[in-house]
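Biologist: Could you walk me through this model? I would like to start with the ligand and then turn to how the helices pack.

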Amino acid sequence: MTENTLSKRNWIAGVIVVMALAVLPFVLSKFGRTGEYWIWVTTEMLINGLFALSLNLILGYGGMVSFGHAAFFGVGAYTVALLMKKAGVSMVPALAAAPVAAAIAAAVIGWFCVRLIGLYFAILTLAFSQLLYMVVFQWYTFTGGDDGIHGIPRLAFLDPVNYYLLCLAIFVVCFLLMRMIVNSSFGLTIRSIRENMERAKFIGVNVRRFQWYNFIIAGSFAGLAGGLLTELNRFAQTEFLHWSKSAEPILASLVGGMFSLAGPAIGAAVLMFLKIVLQQFHQALVEIWAIVLGLVLLVVVLFAPDGMIGFFQRMHGKSDA
Amino acid sequence: MAEKILRIENLSKSFEGTQVFNNISFVIEKGELSSIIGPNGAGKTTLFNLITGYHIPDQGRVIFKGQDIAGIQPHRIVRLGIARAFQRTNIFPKMTVLENVVAAVISRQRRNLNLVSPFRNNKAAEERAYEILENVELADMAHRQSGILAHGNQKRLDIAVALALDPELLLLDEPTAGMSPEERKHTVQLVKRLWETLHITMVFIEHDMDIVFGISQKVRVLCYRTILAEGTPAEISANEQVIEAYLGEEV
Ligand SMILES: Nc1ncnc2c1ncn2[C@@H]1O[C@H](COP(=O)(O)OP(=O)(O)OP(=O)(O)O)[C@@H](O)[C@H]1O
Ligand SMILES: [Mg+2]
């Protein structure tokens, strides 16, 4: 019934948005250097959007607040950097290895973290990610320490427009995969754990095990995002693992809306856009980014507690699907 | 002699040094509809918590179909065939009534690990869920958000979620708690009907004597840290000790 028409409308909206996004770089490339800069920005928006979506699998759908999601972003990033720069692996297998390496890291870290809940879970994820950050920072010979790894090769045909399109294609595929996961029986199980962990046990769900699986899945998507950013920048650096990188997708999910699939990606793009507009306005204004961000969050928490998506849904009188 | 589905043997439990009960033993026969009564804080819920793996007993065994299940994790005990509904309603509040039950059916089908097909396409699960919702008279509310239902409906949904697990032993912790007298009567009849149609073993905890004596085949009185008495409703209502310890103060 209405659910069907709603999902049909979502599909049409999605196709239109993707088509518009596919045309965007060709339009932007007409605008010289400014256009090129914005192609780079929108590519990074897609990547950060993917990163935010990946966190939201555990945050919005799983109800697990992680402060250390950058660990998996970083593992993906360094996997691509090390494989391409040091092992001479080409881009496609390197990018394919990123989510695998991140999944392995998430399996190890998650195995410990899911034993805790709430704030303790959050703190442990933070601790592990900081540990990883320190290892990468200190292990100069392998990771380049705080210099990072630079000069990652780029295939000739991957000009900014093509790389943007590659990221868009990967983003869309990942979005559809995540959509499939949250709508699956597994997705319902994860939601039931978020809603009532105790009751979930008493319907026969091995709660820890499912939280662990979900953590691994989220980590692997984050790893892919990290790999894509490394290839975009042609370097990997310790910032990718920093705790502030873990905060980004949390803020994006808050702003965009963590109870919808697309919300976190929209939030990520909006926050990046705000920051850049501020920067373009006056370089010094970046200094007050924290204040602007604080104000944005204040507005969100006060007027749109379920984020932009939730806000628009309420404006249109639609219930959360 | 009838088959014994559950044997409680020398079970003891204390919290921070205070003993809830000491060395209790009893046996539940397969297919029986029995009840447990006792004053507030007697340890009735704790007994269910021990049977379902929520707590680990200090001592003693809980033997379900010949296997000692004391201390096994709750989700494993569910898989063995014991389900429960809770004293304080315990549902998935932001999900619809149907989704609550479907989540349990899917767990019972062991489909939780299916990452690919939408749970809404699982027609078998949906049909089963509707069947159960019919049984507890909630089918017409299937698409409502469960957390905003009236209290009585939430209590019945809690029972529906437990039923969706196809238990052999169903434990109902005060299924009529917080209901109006009318609703109580209705729910009791519903419990009775479920028992008659589903042929499962049921144990319920209840405060209301009329309810207990009206539908139970067997009544167990939990009081003074032990099973004070056990028998048919007629035997219990004639039991001197019970009258003194429990019924007396109620009247
Ligand atoms: N997890 C716990 N930690 C500490 N004490 C507990 C715990 N659970 C129960 N108790 C205590 O054990 C005793 C028995 O509690 P229980 O909930 O089993 O009683 P009950 O018979 O179900 O009571 P009611 O009729 O009020 O539901 C109470 O004194 C209670 O305070
Ligand atoms: Mg109780």
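Modeller: A residue is taken to be near a molecule if one of its heavy atoms lies within 4 Å of it. Please keep in mind throughout that this is a predicted model.

Biologist: Fine, so how many residues surround ligand 1, and which are the closest?

Modeller: Ligand 1 is surrounded by 14 residues, and the closest of these are Gly41(B), Lys44(B), Thr45(B), Thr46(B) and Gln87(B).

Biologist: What does an oxygen atom of ligand 1 have by way of side-chain partners in Lys44(B) and Thr45(B)?

Modeller: For Lys44(B), an N or O atom of the side chain is 2.8 Å from an oxygen atom of ligand 1, and for Thr45(B) the corresponding distance, again from a side-chain N or O atom to a ligand oxygen, is 2.7 Å. There is also a backbone contact, in which a polar backbone atom of Ala42(B) is 3.2 Å from an oxygen atom of ligand 1.

Biologist: Staying in chain B, how do α3(B) and α5(B) pack?

Modeller: Helix α3 of chain B, residues 97–108, packs with helix α5 of chain B, residues 151–163, at an angle of about 25°, and their axes are 8 Å apart. The two are therefore roughly parallel to each other, since angles under 35 degrees count as such, and their crossing is right-handed.

Biologist: Which residues meet there?

Modeller: From α3(B) come Val97(B), Asn100(B), Val101(B) and Ala104(B), which meet Leu157(B), Ala160(B) and Val161(B) of α5(B). By class, that contact has six nonpolar residues, one polar and no charged.

Biologist: And what about α3(B) with α4(B)?

Modeller: The angle between α3(B) and α4(B), residues 123–135 of chain B, is about 120°, with the axes 9 Å apart, and the crossing is right-handed. Among the residues of α3(B) in this contact are Val97(B), Leu98(B) and Val101(B), while α4(B) contributes residues including Glu126(B), Arg128(B) and Tyr130(B). The contact is made up of eleven nonpolar, no polar and two charged residues.

Biologist: Switching to chain A, is α3(A) oblique or parallel to α10(A)?

Modeller: Helix α3 of chain A, residues 70–86, and helix α10 of chain A, residues 207–233, pack at about 45° with their axes 6 Å apart, which makes α3(A) oblique to α10(A). The crossing of α3(A) with α10(A) is right-handed.

Biologist: Which residues are in that contact?

Modeller: Phe72(A), Phe73(A), Gly76(A) and Met84(A) are among those from α3(A), and they face a set in α10(A) including Phe215(A), Gly219(A), Gly223(A) and Glu231(A). The contact divides into ten nonpolar, six polar and one charged residue.

Technical notes:
Residues numbered from 1 in each chain as written. Chains lettered and ligands numbered in written order. Predicted model: local features only at pLDDT ≥ 70, side-chain atom pairs only at ≥ 80, totals over all residues. Heavy atoms only, no water. Axes fitted to C-alpha atoms, helices over the stretch in contact; angles between N-to-C directions. Helix = DSSP H or I, 4+ residues; strand = E, 2+ residues; numbered from the N terminus. Parallel < 35°, antiparallel > 145°, perpendicular 65-115°, else oblique. Left-handed = near helix turned anticlockwise from the far one by under 90°. Contact = heavy atoms within 4.5 Å. Nonpolar A, V, L, I, M, F, W, Y, C, P; charged D, E, K, R; others polar. Polar contact = N/O pair within 3.5 Å; in protein donor to acceptor, adjacent residues only side chain to side chain.
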